[in-house]
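This report looks at charged pairs, helix packing and a surface patch in one protein model. Please keep the sequence and the structure in view while reading.

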Amino acid sequence: MRGNSDIAALIVAAGSGSRAGQGVPKQYRMIGGKSVLAHAIDSLMVHPAIDQVQVVIGEGQESLYRSAIGARSLPPPVTGGASRRESVLAGIKAIKSEHVLIHDAARPFVPGAVIDRLRSALDTHSGAVPVLPLVDTIVRGGETLGDTLDRSELFRVQTPQAFVTIEIIAAHGQWPDDREATDDAQILRAVGGQVAMVEGDSSLEKLTYEADFIAAEQRLQAGLVTRIGQGFDVHAFGGDGPVWLGGVAIPHSRGLAGHSDADVALHALTDALLGAAALGDIGDHFPPSDPRWKGAPSRLFLEHAVALIEERGGIIDNADLTIICEAPRIGPYRDSMRASIAGLLRLPVTRISVKATTTERLGFTGRAEGIAAQAVATIRMKDFK
Ligand code: MG
């Protein structure tokens with residue numbers, strides 16, 4: 001046991017069901033500007049007791065996974081098997097912690113209080129599951145109404161389900177290959193394991209139907225406040241071309257001087273995003289004195305700002321850039337810059353504007369001594385500490 005952080009989270013994201021729409025498996029659908037899977041990852045990763053988050057994906061889902069997790073730093077995903085049970089078994093072998101939470105990616109919101117209750121229950125049990133009572137009348141039925149069941153004895157079981165890692169691995173090993181299991185608690189019980197029931201949470205509901213996604217979207221947006229940020233940057237010409245602008249290399253007789261690739265447009269945009277989130281400026285996060293950023297592609301700075309906003313549940317809505325120079329000519333590269341920035345922000349290209357202007361040969365830009373860039377970005381974010 002490593003202090004208080006002795007739980008790993010295993011997220012099973014191997015499903016291929018796409019009945020809820022968008023044409024991708026539901027764990028890769030976007031809600032509130034990020035994938036369902038990324039919501040699940042973030043809500044587990046933020047808990048102080050969780051020291052590892054391992055994802056199991058389906059075969060052929062590598063590129064969906066990569067775009068779903070963005071810049072988050074996670075161990076490589078494990079590829080699952082033909083059934084959920086085989087996928088879990090493949091994943092738990094990669095778990096190094098004493099305890100494991102096994103979670104379905106289609107449940108994007110995991111309250112910390114549920115994790116606390118599950119973890120406490122593992123002090124006295126080898127497994128624990130979150131449950132909720134049934135509120136509706138429950139009956140048997142066929143063509144006509146059958147008997148009414150006593151719902152006080154019945155519960156709905158959610159995930160994450162918590163286990164002592166070696167015990168759930170052993171239980172999986174004994175489960176017959178030709179039988180399916182509804183969940184991991186059933187597998188532990190089959191070998192006599194004691195599974196505690198702790199109070200679940202309505203926010204753990206699984207997203208299944210289109211209405212569930214709409215409700216999740218509304219819930220995420222309820223507490224968001226629109227925030228605007230602006231950024232400004234200048235780099236002087238120095239050395240050979242190309243000029244990097246908006247992540248695009250533009251052929252030119254001279255390049256821009258700078259510690260990184262001197263992409264003045266991405267620097268202004270990074271500052272606009274950091275400004276909207278009130279998270280300081282690019283120099284705070286990437287000091288020019290740090291040799292790591294020498295010659296670095298500026299998309300790293302922008303991706304970092306995006307990750308900081310997404311970690312806080314924020315959504316980026318749009319960005320508008322103005323590039324101020326006499327040369328090179330921006331027009332022919334405008335659409336590739338928009339596409340490049342849209343890719344980095346994971347937004348449709350229609351949310352990204354790139355404009356160019358000159359200063360009528362006045363001032364340092366007018367004398368072609370350098371290039372200036374301004375950016376404005378809009379985000380929506382909850383207040384955070
Ligand atoms: Mg700069």
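A salt bridge is taken here as a side-chain nitrogen of Lys or Arg within 4 Å of a carboxyl oxygen of Asp or Glu. With that criterion, a search of the whole structure, which is a predicted model, finds 19 salt bridges. Three of the pairs are set out below.

| Pair | N to O distance | Relative accessible area |
|---|---|---|
| R72 and D42 | 2.7 Å | R72 12%, D42 12% |
| E303 and R299 | 3.7 Å | E303 25%, R299 38% |
| E369 and R367 | 2.8 Å | E369 38%, R367 53% |

The pair of R72 and D42 links distant parts of the chain, 30 residues apart, with R72 in the loop between helix 2 and strand 5 and D42 in helix 1. Because buried means under 20% relative accessible area, R72 counts as buried at 12%, and D42 is buried as well, also at 12%. Both residues belong to a network of salt bridges that links K34, D42, R72, E310 and R346. E303 and R299, by contrast, both lie in helix 10, four residues apart, or about one turn of the helix.

Helix 1 (residues 36-45) packs with helix 2 (residues 62-69) at an angle of about 55 degrees, their axes being 8 Å apart, and the two helices are therefore oblique to each other. Their crossing is right-handed. V53, in strand 4, is 12 residues from I41 in sequence and 7.1 Å from I41 in space, C-alpha to C-alpha.

Turning to the surface, F232, V234 and F364 make a nonpolar patch of about 250 Å². F232 lies in strand 13 (residues 225-240) and counts as partly exposed, at 46% relative accessibility.

Key
Residues numbered from 1 in each chain as written. Predicted model: local features only at pLDDT ≥ 70, side-chain atom pairs only at ≥ 80, totals over all residues. Heavy atoms only, no water. Patch = residues over 30% accessible without salt bridge, like charges linked within 9 Å, V, L, I, M, F, W, Y side chains within 5 Å. Areas by Shrake-Rupley, 256 points an atom, 1.4 Å probe, with all protein chains shown as cover. Buried < 20%, exposed > 50% of the residue type's maximum accessible area, 1.4 Å probe, protein only. Axes fitted to C-alpha atoms, helices over the stretch in contact; angles between N-to-C directions. Parallel < 35°, antiparallel > 145°, perpendicular 65-115°, else oblique. Left-handed = near helix turned anticlockwise from the far one by under 90°.
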